[in-house]
Amino acid sequence: MFQPLSAEQVSAQARPSILSNLFQFGRRGRIPSVVDPRTKLIDQAMVGQGLITPEELVRIHELGEKYDELRPEQPLHWATSGARAVEADKQERERIKAEKKAAAEQKRREHAARVAHNKQTDIVHLGRGVSAGLADRRSNIERLQHRGLPPLSTPADVATALQITIPRLRWLAYHAEASTVSHYIQFVVPKKSGGERTLSAPHKQLATAQRWILENILNKLPAHAAAHGFVKQRSIVTNATPHVQSVVVINCDLTDFFPSINVHRVIGLFRELGYSPAVATILALLVTECPRRKVLYRGKPWHVATGPRALPQGACTSPAISNLVSRRLDARFTGIAKKLGFVYTRYADDLTFSSRESSRRIGYLLARVRHIAQDEGFAVNEKKTRVLKQAARQSVTGIVVNAKPSTPRRTRRQLRAMLHNAMKTGLPAQNRNRRPNFSAWVRGMIAFISMANAPQATRLKDQFQSLGQ
């Protein structure tokens, strides 16, 4: 295999192509392969020159082959192994990315499912500024049972009691500063004292929910003994009767009575009854509303809040809630009145104090009334405060109380004259103010006079019936 060659033979057998690449055998620490023609020619020259024996060359090349087997060419190995490592790392990162993406998608689906489930079964948000207590579902069941109130603890309990779904309850109770829909119909009516009053009539679904709250909760709670407005078996007559034959009668008026009772005061009322913050919040939102103004924005009508959420005038629940919120106010007024020798009653926002003895402490009483009202979250309308002595007509919620409960004499005389003239001209001809359903209005006026003093209405009833009405 390694036939010895002389220098002349090497020169004769060597080709230019072989000699030109004689020293390009790769890495210096590697033994060239025997199959390479350059390596074979050099080996034969070395044997011919006596530099090495054929046996030694065989051993050397065996070691070279073994070495190449155990440790391949490093530059090539490094390049291929590096490329493989880069590709493996890329695939691993793609795998991790895909796993994270799949996990995120699964998490999103699970979150969406939870949100959808919660929307159908629970209420955790009802608008800014009013949702703080919705997470607390702890009601005082013993207190509720003691008062005979329905034991409600969660939004689901309220929805079940009202026989509506959770989404519908959320829609009815949700608080928004601006909304494209309104649960109330607002209209304006003139006040007797001048100006206008805005009334808010709830739509059918909200009115049904409010009626349930009134019948099952509010009507089971007694108002203060001094309150006569919106209370069964009490009226403007029962409110005026305690002040009959008084030496002095003081009439006061609370400014913005219903708007002064905001949603947070109503929440406090329901919580005091024993309801959880969650239930108290929902009930309060169902019975309160913001004053709103209708505006047009980008061609779309919006109902925009112009004030804080409070009791609306027109909801069936507002009178009863106002009486319950005012219990402490009534108790304090009753106490100061008794201390100073006065009697106190209240009909809605009309406050009346009277005394059957002369008193020099009227100024002090009025000052205390102002302070107590302010302390309880109300304000006295100074322009409507009246101090009436016996020499003047003493009137309490439209009932004259100088000697006995009665209607103003002028009212009775005008009605009597109108009925007398109607005997000649007919009743419709006497409708000079063009009142709608004039006959019903006359009948109501006679009933009003009869309620205050039945004997005073006897003759008026006879006149009315003689007209065939």
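Visitor: Is Glu-289 buried or exposed?
Guide: This is a predicted model, and the value for Glu-289 is computed from it. Buried means under 20% relative accessible area. Glu-289 has a relative accessible area of 9%, so the residue counts as buried.

Visitor: Which residue meets the side chain of Glu-289 in a salt bridge?
Guide: Side chains of opposite charge can pair when their charged atoms come close. The N to O distance in this pair is 3.5 Å, and a salt bridge requires such atoms within 4 Å. The partner of Glu-289 is Arg-309.

Visitor: How many residues apart in sequence are the parts that Glu-289 and Arg-309 tie together?
Guide: Glu-289 lies in the loop between helix H12 and strand E5. Arg-309, which is buried at 7% relative accessible area, lies in the loop between strand E6 and helix H13. The pair therefore ties together parts whose separation in sequence is 20 residues.

Visitor: Where does the salt-bridge partner of Glu-382 lie?
Guide: Glu-382 forms a salt bridge with Arg-370, with the closest N and O atoms 3.6 Å apart. Glu-382 is in the loop between H15 and strand E9, twelve residues from its partner. Arg-370 lies in helix H15.

Visitor: Is Glu-382 buried or exposed, or does it fall in between?
Guide: The class in between runs from 20% to 50% relative accessible area. Glu-382 has a value of 45%, and Arg-370 has 33%. Glu-382 therefore counts as partly exposed.

Visitor: Which residues are linked in a network of salt bridges?
Guide: The structure holds 16 salt bridges. One of the pairs is Asp-122 with Arg-137, at 3.1 Å from N to O. The network links Arg-328, Arg-332, Asp-375 and Glu-376.

Visitor: Why is the sulfur of Cys-316 not bonded to the closest cysteine sulfur?
Guide: A disulfide is a covalent bond between the sulfur atoms of two cysteines. The cut-off for the two sulfur atoms is 2.5 Å. The closest cysteine sulfur to that of Cys-316 is in Cys-290, and the separation is too far for a bond, at 19 Å.

Visitor: How many disulfides does the structure have?
Guide: The rule asks for two cysteine sulfur atoms within 2.5 Å. Cys-290 is in no disulfide, the nearest cysteine sulfur being that of Cys-316. The count of disulfides is zero.

Visitor: What kind of aromatic pair do Phe-333 and Tyr-344 form?
Guide: A pair of aromatic rings is described by the distance of the centres and the angle of the planes. For Phe-333 and Tyr-344 the centres are 5.4 Å apart and the planes are at 65°. Planes over 60 degrees apart count as edge-to-face, so the pair of Phe-333 and Tyr-344 is edge-to-face.

Visitor: In which strand does the ring partner of Phe-333 lie?
Guide: Phe-333 is in helix H14 and is buried, with a relative accessible area of 0%. Its partner Tyr-344 is buried too, at 7%. Eleven residues separate the two, and Tyr-344 lies in strand E7.

Visitor: Which residue lies over the face of Phe-378?
Guide: Phe-378 is linked by ring pairs with Phe-257 and Phe-258 into a cluster. A charge lies over the face of Phe-378, at 4.7 Å from the ring centre. That residue is Arg-265.

Terms used: Residues numbered from 1 in each chain as written. Predicted model: local features only at pLDDT ≥ 70, side-chain atom pairs only at ≥ 80, totals over all residues. Heavy atoms only, no water. Phe/Tyr/Trp six-rings, centres within 6.5 Å; stacked < 30°, edge-to-face > 60°. Helix = DSSP H or I, 4+ residues; strand = E, 2+ residues; numbered from the N terminus. Buried < 20%, exposed > 50% of the residue type's maximum accessible area, 1.4 Å probe, protein only. Lys NZ or Arg CZ within 6 Å of the ring centre and 35° of its normal.
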